[in-house]
Amino acid sequence: MQRVRCFDVTDVHIGGEVHRIILNGVAPIPGETLREQAQFLEQQADGLRQLLLYEPRGGLPSLSADLVVEPKLPGAEAAIIIMEFMGYPLYSGSNIMASVIALLDAGQLAVRNDKQTIMLESPGGLAEVVVESRKGRVVNTT
């Protein structure tokens, strides 16, 4: 019997970097906090990062992957675990912006025209992302 892995992944380009956002398809990860979940991936399941970032699917030094998970902190609308070539950073502004764009484009977060604020959790804590949208599409994030 052949084992097949299937992930719902989209790529987002932010300031010269490509961010691969994993929206669905990964089983729940053990850990009470996002930091514990990131440590679990790093120590016991690093194959996911390697699968998404290394050849033949990756190989670009500027490529990173963000895994969308359930938030742990009150007030967070979504959460991500950041995976890069060098490991699992606690925080990255470009990864956070890319993940919010992907979540909005995929319909996992509601898009409101004009400006909206989204609270996104990373292993480093909460980030406030201001998103500007027009006609249902993101045009700016900070």
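Leaving aside its neighbours within four places in sequence, Arg20 is in contact with Val9, Thr10, Asp11, Leu52, Arg57, Gly58, Leu63, Ser64, Ala65 and Asp66, and I should say at once that what we are looking at is a predicted model. Arg20 is found in strand E2, and although this is a charged residue by class, Arg20 is buried, with a relative accessible area of 13%, which falls under the 20% that we take as the limit for that word. Its side chain reaches the backbone oxygen of Leu52, and the distance there is 2.9 Å.

Let me stay with E2 for a moment, since strand E2, residues 17-24, and strand E3, residues 63-69, are the elements that give two or more residues to the lining of the largest pocket. That pocket holds about 370 Å³ of space, and of the 20 residues that line it, the closest to its centre are Leu23, Val26, Val68, Val69 and Glu70. If we sort the lining by class, we find 13 nonpolar, four polar and three charged residues. The second largest pocket has a volume of about 160 Å³, and eleven residues line it, with Arg5, Phe7, Gly25, Val26 and Leu48 the closest to its centre. Here the lining consists of eight nonpolar, two polar and one charged residues. You will notice Val26 in both lists, for Val26 is among the residues closest to the centre of the largest pocket and also among those closest to the centre of the second largest.

Now to the strand that pairs with E3. Six bridges join E3 to E4, and the two run antiparallel, with Val69, which we have just met at the largest pocket, standing opposite Ala79 in E4. On another pairing of E4, two bridges join this strand to strand E5, residues 114-122, and these run parallel; there Ala79 stands opposite Glu121.

How enclosed is E4 by the rest of the structure? Seven of the seven residues of this strand, residues 78-84, are buried, so E4 is largely enclosed by the rest of the structure. In a regular strand the side chains alternate between the two faces of the sheet. In E4 both faces are covered, with Ala78, Ile80, Ile82 and Glu84 buried on one side and Ala79, Ile81 and Met83 buried on the other.

From Ile82 we can turn to Pro30, which is 52 residues away in sequence and 16 Å away in space, taken from C-alpha to C-alpha. Pro30 lies in the loop between E2 and helix H1, residues 34-44, and is partly exposed, with a relative accessible area of 43%. Its contacts, again leaving aside neighbours within four places in sequence, are with Glu36, Gln37 and Phe40.

I will finish with some points of backbone geometry. A cis peptide bond joins Glu55 and Pro56, with omega at about 10°, and Pro56 has its place in the loop between helix H2, residues 47-53, and E3. Asp114, in strand E5, has a positive phi of about 75° although it is not a glycine, and at 57% relative accessibility Asp114 counts as exposed. Lys135, in the loop between strand E6, residues 125-134, and strand E7, residues 137-141, likewise has a positive phi, near 55°, in a residue other than glycine, and Lys135 is exposed, with a relative accessible area of 81%.

Key:
Residues are numbered from 1 along each chain as its sequence is written. This is a predicted model: local features need pLDDT of at least 70, side-chain atom pairs count only at pLDDT 80 or more; totals for chains, interfaces and linings use all residues. Side-chain values use heavy atoms; hydrogens and water are left out. On a 1 Å grid over the protein atoms alone, a cavity is a set of points where a 1.4 Å probe fits but cannot get out, and a pocket is an open set with protein on both sides within 12 Å along at least five of seven lines; lining residues have an atom within 4 Å of a point. Grid points are joined across faces, edges and corners, and a volume is the space filled by probe spheres set on the points. Helices (H or I, at least four residues) and strands (E, at least two) are DSSP runs, numbered from the N terminus. Buried means under 20% relative accessible area, exposed over 50%, partly exposed in between (1.4 Å probe, protein chains only). Two strands pair if DSSP finds at least two bridges between them. A polar contact is a pair of N or O atoms within 3.5 Å; within protein, one must be able to donate a hydrogen and the other to accept it, and residues adjacent in sequence count only if both atoms are side-chain atoms. Contact means heavy atoms within 4.5 Å.
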